[in-house]
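Student: Before we trust any label on this protein, could we go through how each one is earned?
Tutor: Let us look at it together and set each value against its criterion.

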Amino acid sequence: MFRVVIPAILAVALTACGGGGGGSSNSTSSDAPTSDTSPRLGAILQANDTAMVTGRFKGDQTQYLVVAHYKFFTVRPGVLDTEPGPVKVYQLNDDGTILDSTTEILGGAVSVRTNVPLVADFNRDGIDDLFLPGFSDTQDFEPSVAFISRPGRSHVRVDLPDPVYAHGAVVIDVNYDGYPDVMSSWGEVWLNDGTGSFSFRSHSYRDVPGFWIHGSGVCAGDFYNTGRTQVVLVDQMVDSNIGPIADTVIFELDNAGLPTAHHFLPVPILDRNSTTDEKSHDVTCLVSDINNDGKLDVIVFSRPLPAPGSLWSNQGRVQLLINRGAWQFEDVTDQSLIGYNTNVMVSYTAKLVDLNGDSKLDLWCGYFDFDTGKANQALLNNGNGFTKVQTQLIDSFSASGGMLPIKFGNKWAFVFMKMTNGTSQIYFTKPLYTFN
């Protein structure tokens, strides 16, 4: 079963600093794993089929964890069936307790196939909303769902029936009307009217010849300080007979969200010595001004494509591309990612967050080493790149899936996935830790 438990607090290399405060009287609290009476979601075959994201769905400081899936398994006698996985929302409390709040926030049980849950304030009422772009790893196209806040009530469900294959998606104001929209890594756009109602527009190579947005991951930013937002596409997938070949591309967009120009970035690490773009699967990207020079930089997360006998699951890579201006980016990975463990699955839950309170965004790579289970990585931003923090505490949790740091005041807690007896579980720690 998929259960919510609280792990024992272990001695650390991160600093453990005191206990937490109050929490909900309806949740369980203990320094040891709880009994088998905690909330259940069902069996999951693979931990990396689970996506996690946090949000504030009450308009206050209460923090929530959203757990969603694109592949969910149920077993009947002699039959293995796949079906949409449940979307669950958990309230995370500062005493290390956790409360199933799915009905309170979403209004009831929800099942959706999705890979990249998105949190944003789509109706600008100061309360986070949830957007679940449709995705199935079997190449089937899936509908999307949004949940839009109503103060004092559960979020209202908005069904978006247009089927999509959103391996990646990003929140971006496409038409510059002040309301956040959503774009998928296939260039599909959901335009938001400011009330949480969305209009859908597909995109193909035929719409704008020569500028086909069609990849695995997408992120966004104003890279040249133009006052307009551009999108970065990773794992560009274009037939060489009809479009350009480049794995990482920045697209400039018009007010309709259609590309007007593109700029090619350095090839991914796993393609450096390849004559084709067939080796690397670039799953996602992040954007930030890493070196504090006023220009946004790009971080690309890649792994090899599966091949017979390959160890693709233990060969994740992170690439740092520094913006030198005029759409030129320099690959400084070898000099600026100090101590990154490459013997890991690439992170699907990576975050840029200030871990040590120095006002620089650090890199959190929340995944694991299949051999040891000890590779959730915190890399502090030194102003020119990242240096790995020694995190025996994180390693000792032996997470076997995505892991997220959650901040309460000036302390950090962790929520993570772990396989136990063939099933996945969520663990949540007390907020006792700091990064030095």
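Tutor: What follows takes up backbone angles, sheets and a pocket in turn, and the model is a predicted one.

Student: Why is Trp-327 called buried?

Tutor: The cut-off for buried is under 20% relative accessible area, and Trp-327 has 14% relative accessibility, so it counts as buried. Trp-327 lies in the loop between β23 (317-325) and β24 (328-331), and it has a positive phi of about 65 degrees although it is not a glycine.

Student: What makes Asn-292 exposed?

Tutor: Exposed requires over 50%, and the relative accessible area of Asn-292 is 68%, so the label exposed applies. Asn-292 also has a positive phi, about 55 degrees, without being a glycine, and its place is in the loop between β21 (280-288) and β22 (297-304).

Student: How do you know that β23 and β24 pair?

Tutor: Two strands pair if there are at least two bridges between them, and β23 and β24 have four bridges, in the antiparallel sense, so the criterion is met. Within this pairing, Ile-322 stands opposite Glu-330 in β24.

Student: What makes β21 and β24 edge strands?

Tutor: The sheet is open, with four strands in the order β21-β22-β23-β24 and antiparallel pairing, and β21 and β24 are its edge strands because each pairs on one side only. Neighbouring strands of this sheet are turned by 30 degrees against each other on average, direction ignored.

Student: Which strands stand at the edges of the sheet with the order β17-β18-β19-β20?

Tutor: That sheet is likewise described as open, with four strands and antiparallel pairing, and its edge strands are β17 (217-221) and β20 (259-264), each of which pairs on one side only. Here the average turn between neighbouring strands is 25 degrees, direction ignored.

Student: How do you know that β17 is joined to β18?

Tutor: The requirement is at least two bridges, and five bridges join β17 to β18 (residues 230-234), which run antiparallel, so the two strands pair. Val-218 stands opposite Leu-233 in β18.

Student: Why is β27 said to have both faces covered?

Tutor: Asp-362 and Trp-364 on one side of β27 (residues 362-365), and Leu-363 and Cys-365 on the other, are all buried, with buried meaning under 20% relative accessible area, so both faces are described as covered.

Student: What are the pairing partners of β27?

Tutor: Three bridges join β26 to β27 in an antiparallel arrangement, and β27 also pairs with β28 (residues 377-381) over three bridges in the antiparallel sense; each pairing therefore satisfies the requirement of at least two bridges. The bridge partner of Val-353 is Asp-362 in β27, while Trp-364 stands opposite Ala-378 in β28.

Student: What makes up the lining of the largest pocket, and how is it classed into nonpolar, polar and charged?

Tutor: The largest pocket has a volume of about 980 Å³, and of the 38 residues that line it, the closest to its centre are Val-53, Pro-117, Leu-118, Leu-286 and Ala-350. The lining divides into 26 nonpolar residues, eleven polar and one charged. Val, Pro, Leu and Ala count as nonpolar, so the five residues closest to the centre fall in that class.

Student: Which strand gives the most to that lining?

Tutor: β21 does, with six residues, and among the strands that each supply at least two are also β3 (50-55), β9 (118-120), β13 (169-172), β17 and β26 (351-353).

Note on methods: Residues numbered from 1 in each chain as written. Predicted model: local features only at pLDDT ≥ 70, side-chain atom pairs only at ≥ 80, totals over all residues. Heavy atoms only, no water. Buried < 20%, exposed > 50% of the residue type's maximum accessible area, 1.4 Å probe, protein only. Axes fitted to C-alpha atoms, helices over the stretch in contact; angles between N-to-C directions. 1 Å grid on protein atoms, 1.4 Å probe; cavity = no way out; pocket = protein on both sides within 12 Å on 5 of 7 lines; lining within 4 Å. Points joined across faces, edges and corners; volume = space filled by probe spheres on them.
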